[in-house]
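Dear colleague,

I am passing on the structure below, and my notes follow it. Please read them with the model open beside you.

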Amino acid sequence: MKVEELAKERKVLIRDLILDYMKRHPDEIFSYQELMRALGLTRGGCQGALFSLAQRGLVEKLSLQGGRKVYYGLPETIKRAKRILKGR
């Protein structure tokens, strides 16, 4: 097996871990640091998987405080959070 294939398989596994975790916590949004701690992931692996999930539309991103705080969640959860924030 080529090294590139191993890296690709690992990325898929990390994406699956993150997506499964979010589905088990559908009313929560997460920083990548929270996901790293909860799932025992590296920074690069977590960020890469979140980027990939977001590109596929499986996860959305919510930026607060001018982008200083970034959260990820299932699309419906992020939409709900945005509606709540607009209601302020």
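**The turn after α3, and the rest**

Just after α3, Gly 57 takes a positive phi of about 80°; helices here (H or I, at least four residues) and strands (E, at least two) are DSSP runs, numbered from the N terminus. Please keep in mind that this is a predicted model, in which local features need pLDDT of at least 70 and side-chain atom pairs count only at pLDDT 80 or more, while totals for chains, interfaces and linings use all residues. Residues are numbered from 1 along each chain as its sequence is written, and side-chain values use heavy atoms, with hydrogens and water left out.

As for confidence, the chain has a mean pLDDT of 89, with 85% of its residues at 70 or more; pLDDT is the predictor's confidence in each residue, from 0 to 100. Among the elements of the chain, the lowest mean belongs to α1 (79) and the highest to strand β2, residues 69–73 (96).

To return to α3, its end C-alpha atoms lie 18 Å apart, which agrees with the 18 Å that its 13 residues should span at 1.5 Å a residue, the expected span being 1.5 Å times one less than the number of residues. Its buried residues (under 20% relative accessible area, with exposed meaning over 50% and partly exposed in between, for a 1.4 Å probe and protein chains only) are Gly 45, Cys 46, Ala 49, Leu 50, Ser 52 and Leu 53. Seen down the axis, these fall within an arc of 165°, so they line one face of the helix; the arc is that of the directions from the helix axis to the C-beta atoms. On the other side of α3, Arg 43, Gly 44, Phe 51 and Gln 55 are exposed.

In α2, the buried residues are Tyr 32, Leu 35 and Leu 39. They cover an arc of only 60° around the axis, and therefore sit on the same side of α2. The helix is followed by Gly 40, whose phi is positive, near 70°.

The largest nonpolar core has 17 residues, and Leu 35, Cys 46 and Leu 50 are among those with the most contacts inside it; such a core is a set of buried Ala, Val, Leu, Ile, Met, Phe, Trp, Tyr and Cys residues joined through side-chain atoms within 4.5 Å. Two or more residues come from each of α1 (3–24), α2 (32–39) and α3 (43–55), and α1 gives the most, with five.

With best regards
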